[in-house]
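Q: Please pick one small part of this structure and walk me through it closely. After that, I'd like to see how the surroundings are put together.

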Amino acid sequence: MGIHDVTGESDAALIARVMAGEPDAYGGLVSRYRDRLGRYAVRMLGNAEDAEDALQEAFVRGYRSLARCTDPEKFGAWLFTILVNRCRTIGKQRARRQQLVIQDEAAVGRASVNHTEDRHALRETIERAMAQLSPTTREAFLLKHVEELSYDEAAGGGRACRNKVMD
Amino acid sequence: MPEQSDGLERAIRILKEPVQIDRELDQRVMAEIESVPVPGVWSRRFWTALDWLRRGRTVRVSPLGGLGFAAGIVILVLIARSWIAPQEPSAPVATEADGSTVQFVIVAPAAAQVSLVGDFNDWSSAATPMHRVDGNGVWEVTVPLDAGRYRYAFLVDGNTWLGDPSAPPALDDEFGRPGSVVTIGEL
């Protein structure tokens with residue numbers, strides 16, 4: 001299956017194509033949401049490896065359950081909900097492995113910013129502060145202030161899409 | 001406070017900076033879903049219909065339409081009641097024969113025995129047996145009663161209590177059994 005450039009094609013149109021028997025069209029949705037969802041996963045889980053695992057699982061689960069997304073206009077929020085749930089699960093598993101939040105320098109290094117010393121120091125301070133938050137508080141903070149989603153959007157993913165199968 | 005707020009805004013700005021995710025992730029996702037069946041159109045229709053049913057909605061009807069709808073509901077309820085109502089025994093009747101005797105009648109074709117029980121016979125199942133009067137399962141008994149208010153019921157085959165739908169229900173039965181009330185004379 002290839003990845004298609006789908007610029008300009010709406011989520012609903014892509015979903016309709018998938019439902020019509022064109023699974024490749026899902027690649028357009030993956031590339032459209034990869035970076036935004038990835039940012040949340042990295043900030044939430046603190047390392048690229050776990051974040052990419054969560055992201056991959058979320059995309060695959062989204063595909064499996066695509067029939068349940070009855071309002072394609074809310075696909076983004078719906079997918080976000082799946083990712084939030086995956087991050088919770090992976091976060092719990094990782095907590096057992098006693099890892100700390102944000103230890104992956106590679107993930108930090110990939111951020112496309114100019115690294116002045118002050119900025120780097122501030123980033124580390126923020127990462128330490130984030131690490132001290134409980135997962136629930138960190139999740140709420142990221143969803144509200146960084147992703148700018150209402151809690152309903154993030155937790156419900158839009159009621160037109162059914163999310164019971166996501167964990 | 002303004003400094004704290006400024007610091008928070010800076011932190012949020014930094015957290016909002018994009019994070020690049022490995023582009024190969026797309027390929028991995030697509031490779032994994034290759035083995036997953038394409039989501040079914042019928043499955044989607046099922047969930048859409050379920051959501052439609054679950055969603056609240058506002059319905060506007062004209063007064064005439066509302067009246068018609070209400071009449072339709074009443075007709076449906078009446079039809080349903082006629083289906084649900086027990087076929088037998090049916091139509092028990094207590095008839096005041098004269099000033100001092102009352103005839104009680106019940107139609108119970110399948111019953112082997114029927115008794116009239118009430119305040120007037122201390123609810124004894126043996127005191128007032130009813131008699132089958134024809135082949136259609138009509139049972140009757142006539143009881144002399146002084147003026148007063150009496151609670152009563154029909155006991156079918158010794159185990160089924162029936163109130164009399166043609167008489168006022170007795171709401172004060174201590175045991176919660178169905179029963180009716182007959183009032184003789186002026187109280």
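A: Let's start in chain B, with Asp157(B), which lies in the loop between strand E6 (148-156) and strand E7 (160-162). Bear in mind that this is a predicted model. The backbone at Asp157(B) is a good place to look: phi is positive, at about 55 degrees, although the residue is not a glycine. Is Asp157(B) buried or exposed? The answer falls in between: with 13 other C-beta atoms within 10 Å, Asp157(B) is partly exposed.

Chain B offers a second residue to set beside that one. Trp123(B) sits in the loop between strand E3 (114-118) and strand E4 (131-132). Trp123(B) also has a positive phi, near 60 degrees, in a residue other than glycine. Its surroundings hold 18 C-beta neighbours inside 10 Å, so Trp123(B) counts as partly exposed; the cut-off for buried is 20.

Both loops belong to a chain with four helices and eight strands. Reading chain B from the N terminus, you meet the four helices and then the eight strands, in the order α-α-α-α-β-β-β-β-β-β-β-β. Of the 187 residues in chain B, 22% are buried. For contacts in chain B with a separation of 6 or more, 54% involve residues 24 or more positions apart.

A word on confidence before you read too much into any one spot. Chain B averages a pLDDT of 78, and 80% of its residues score at least 70. Residues 86-92 of chain B are a stretch to treat separately: pLDDT stays under 50 there, and the model has 17 contacts beyond four places in sequence for them. For the model, the scores are ipTM 0.73 and pTM 0.51.

Now for the partner. Chain A has eight helices and zero strands. Of its 167 residues, 45% count as buried. Among contacts in chain A between residues at least 6 apart in sequence, 72% join residues at least 24 apart.

Where the chains meet, chain A contributes 39 residues and chain B contributes 30. On the chain A side, at least two residues each come from H1, helix H2 (26-45), helix H3 (48-64), helix H5 (105-110), helix H6 (117-132) and helix H7 (135-146). H2(A) gives the most, with 10 residues. By type, the chain A residues that touch chain B are 21 nonpolar, eight polar and 10 charged.

What lies inside? The largest nonpolar core has 42 residues, and those touching the most other members are Leu37(A), Ala41(A), Ala54(A), Leu55(A), Ala58(A), Leu79(A) and Leu83(A). Two or more residues come from each of H1, H2, H3, helix H4 (75-96) and H7 of chain A, and also from helix H2 (24-33) of chain B. H2(A) supplies the largest share of this core, 10 residues. To see the packing up close, try Leu83(A): beyond its neighbours within four places in sequence, Leu83(A) contacts Leu37(A), Tyr40(A), Ala41(A), Ala54(A), Leu55(A) and Ala58(A). A second, separate core has 21 residues, among them Ile106(B), Leu116(B), Trp139(B) and Leu155(B). In soluble globular proteins, nonpolar side chains tend to be buried together.

H3(A) deserves its own moment. Its 17 residues reach 24 Å from first C-alpha to last, close to the 24 Å expected at 1.5 Å a residue. Of those 17 residues, 13 are buried, so H3(A) is largely enclosed by the rest of the structure. One charged side chain to check in this helix is Arg61(A). Arg61(A) counts as buried because it has 20 C-beta neighbours inside 10 Å. Its C-alpha is 7.7 Å from that of Ile82(A), 21 residues apart along the chain.

Finally, look at H1(A), residues 11-19, where the buried residues are Asp11(A), Leu14(A), Ile15(A), Val18(A) and Met19(A). These residues cover an arc of only 140 degrees around the axis, which puts them on the same side of H1(A). Just after H1(A) comes Gly21(A), with a positive phi of about 105 degrees.

Methods: Residues are numbered from 1 along each chain as its sequence is written. Chains are lettered from A and ligands numbered from 1 in the order in which they are written. A residue is buried if 20 or more other C-beta atoms lie within 10 Å of its own, exposed if 12 or fewer, and partly exposed in between; C-beta atoms are placed from the backbone. The arc is that of the directions from the helix axis to the C-beta atoms. pLDDT is the predictor's confidence in each residue, from 0 to 100. Two residues are in contact if their C-beta atoms, placed from the backbone, lie within 7 Å. The expected span of a helix is 1.5 Å times one less than its number of residues. A nonpolar core is a set of buried Ala, Val, Leu, Ile, Met, Phe, Trp, Tyr and Cys residues joined through C-beta atoms within 7 Å.
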